[in-house]
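Q: I am new to this and would like to learn how to read a protein structure feature by feature. Could we go through one together?

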Amino acid sequence: MGGVTRIVIIGGGPGGYEAALVAAQLGAEVTVVDRDGLGGSAVLTDCVPSKTLIATAEVMTTFDSSYEELGIIVADDTPPLERQARVVGVDLGKVNRRVKRLAIAQSHDITQSVTRAGVTVLRGRGRLGAGGQAVDGSREVLVDAPDGSVQSLRADAVLIATGAHPRELPDAQPDGERILTWTQVYDLEELPRELIVVGSGVTGAEFAGAYQAIGSKVTLVSSRDRVLPGEDPDAAEVLEEVFRRRGMNVMSRSRAEGAKRVGDHVEVTLSDGTVIKGTHCLMAVGSIPNTAEMGLEEAGVKLNDWGQIQVDRVSRTTAPGVYAAGDCTGVFMLASVAAMQGRIAMYHALGDAVQPLNLKTVASNVFTDPEIATVGYTAADVKCGKMDAVEVKLPLRGNPRAKMQGIRDGFVKLFCRPGTGIVVGGVVVAPRASELIHPISLAVDANLTVEQVASAFTVYPSVSGSTAEAARQLHIRKRADGES
């Protein structure tokens, strides 16, 4: 497709705006059709806002859990008998105003970068025109503008990057005040006194931990045996233990059937008939791709049973000249993956060198406290025989820097191939695990061996020293297995 010059991108989230920057750099004429503001849900209602809220929660958790051990004295008027009472609080209204301010600022920065690169940004809702490809191989994109007008664009290649929205249960309709989705929590002015979080996946766990840290009494309703069923079992066990120790009510194997507002509180009904009461309820029960009423199937774009767009490893859909990226594909619900899918789509469409998406090098993080960071093959992959690997897990309580910082929970886990010692995966459970996973990501991406990871210098004392130590132990075990 060397003659491609006109690119239309529907959706301005990470998949869309990163693709736009790449396409503009490669000399294409690029138009982004966006409905809510560049940055998409990642910037406006999801990643940036939630992690900003979590930043406040992180400070509170650190203060609550370690200030006495570290010898910090808080000077105040609390009577001696009430010294254990909390003396630091959170102004949620102020926190949420900061959240929104940062989200808007980030969206503005992205818009400036994109327009500076020569990209045209149109406000409206984009959809594929009827009739498939034109004689010249181009496609029609229709833009429904806010004023009701419809504009027609022609594109040599189209990228669908429309994201997803929170799933709602029929009997738990959000009202934005007491029953909330994760996009609505930033309108709260006062801290929920008793918050029920329905759903123990990544979103549910992150919000449950954050609100518990800033002062809410939290009940986490999990339909599965444990929190974070998709994560490393050892990591999930550590987090659930921490949640319970901090006073959270974690209800396992409890499926919510509905939620209703009763005056100034909420009642959540479970499948066994149990009714839980709280002041607020946060529904975190998954998401639905934004693919409806876009003319996709009529244009030959195949969707799966969940409405997600089927794509290959270079982001192509089943319709010629139509690509897709991000949450609307369901490949991996991460902003970093959406951005990579979008960039790959443009490299491919514009005839540049392209490396297909490799999900086994994707690093992901759960922003709880402690954080859980993962890359590469997992314990589940090893257990089911998908990857033959050996593992070492080192608890952080033996790490000197962790001791100094009062860190009691967490570990570093590495997986390597038994013969070659090549690192194929890893898990870090620790404060700032999102930063600590990077050397393991590099090892997985570059096929480094445990010997190479172990021989690289680490600072003493440092939490990352545990990564090198885990690699050393794997090297010793591999050598011992080879000798036996």
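Q: Let me start in the middle. Which strands and helices do the buried residues of H7 pack against?

A: A word first on what is shown: this is a predicted model. A good way to place a helix is to ask what its buried residues touch. Here the buried residues of H7 pack against strand E1 (6-10), helix H1 (14-25), strand E7 (157-160) and strand E18 (322-324).

Q: Which residues of H7 are buried?

A: Buried means under 20% relative accessible area. In H7 that applies to Val337, Ala338, Ala339, Gln341, Gly342, Ile344, Ala345, Met346 and Ala349.

Q: What span should H7 have, and what does the model show?

A: Count the residues and allow 1.5 Å for each step. H7 covers residues 335-349, which is 15 residues, so a span of 21 Å is expected. The C-alpha atoms at its two ends are 21 Å apart, in agreement with that.

Q: What follows H7?

A: The backbone angle phi is worth a look just past a helix. H7 is followed by Gly351, and the phi of Gly351 is positive, near 75°.

Q: Can we look at the contact between H7 and H1 from the other side? What does Gly15 touch?

A: Start with where the residue sits: Gly15 is in helix H1. Leaving aside residues up to four places away in sequence, Gly15 touches Leu159, Ala161, Ala325, Ala338, Ala339 and Gly342. Among the buried residues of H7 you have already met Ala338, Ala339 and Gly342.

Q: Is Gly15 buried or exposed?

A: Compare its relative accessibility with the cut-off of 20%. Gly15 has 4%, so Gly15 counts as buried. As for distances, Gly15 and Ala42 are 27 residues apart along the chain, and their C-alpha atoms are separated by 10 Å.

Q: Let us step back. How many helices and strands does the chain have?

A: An inventory is a handy start for the whole chain. There are 13 helices and 23 strands.

Q: What radius of gyration would a compact globule of this length have, and what does the chain have?

A: The idea is to set the chain beside a rule for globules. For 484 residues the rule gives a radius of gyration near 23 Å, and the chain has 24 Å, so the two agree. The C-alpha trace spans about 80 × 70 × 45 Å along its principal axes.

Q: What share of the residues is buried, and what share of the contacts joins residues 24 or more positions apart?

A: These two shares describe the chain as a whole. Of the 484 residues, 49% count as buried. Among contacts with a separation of 6 or more, 62% are between residues 24 or more positions apart.

Q: How many positive and negative side chains are there?

A: Count each kind, then compare where the two sets are centred. The chain has 49 positive and 58 negative side chains, and the centres of the two sets lie 3 Å apart.

Q: Now the backbone. Where are the peptide bonds described as cis?

A: Look at omega, the angle about the peptide bond. A cis bond joins Asp369 and Pro370, with omega about 5°. Pro370 is in the loop between strand E19 (363-366) and strand E20 (371-376). The bond from Tyr460 to Pro461 is also cis, with omega near -10°. Pro461 lies in the loop between H12 and H13.

Q: Is Tyr460 buried or exposed?

A: The cut-off for exposed is over 50% relative accessible area. Tyr460 has 69%, so Tyr460 counts as exposed. The C-alpha atoms of Tyr460 and Arg401, 59 residues apart along the chain, are 8.1 Å from each other.

Q: Which residues other than glycine have a positive phi?

A: Two cases to look at are Leu228, with phi near 50°, and Asn447, with phi near 55°. Leu228 is in the loop between strand E11 (217-221) and helix H6 (233-245), and at 1% relative accessibility Leu228 counts as buried. Asn447 is in the loop between H11 and H12.

Q: What does Thr449 touch?

A: Thr449 lies in the loop between helix H11 (438-445) and helix H12 (450-455). Setting aside residues up to four places away in sequence, Thr449 touches Thr420, Gly421, Ile422 and Val423. With a relative accessible area of 17%, Thr449 is buried.

Methods. Residues are numbered from 1 along each chain as its sequence is written. Side-chain values use heavy atoms; hydrogens and water are left out. Helices (H or I, at least four residues) and strands (E, at least two) are DSSP runs, numbered from the N terminus. The radius of gyration is taken over C-alpha atoms; the globule rule is 2.2 Å times the number of residues to the power 0.38. Buried means under 20% relative accessible area, exposed over 50%, partly exposed in between (1.4 Å probe, protein chains only). Contact means heavy atoms within 4.5 Å. Lys and Arg count as positive and Asp and Glu as negative; His and the chain ends are not counted. The place of a charge is taken as NZ of Lys, CZ of Arg, CG of Asp or CD of Glu. The expected span of a helix is 1.5 Å times one less than its number of residues.
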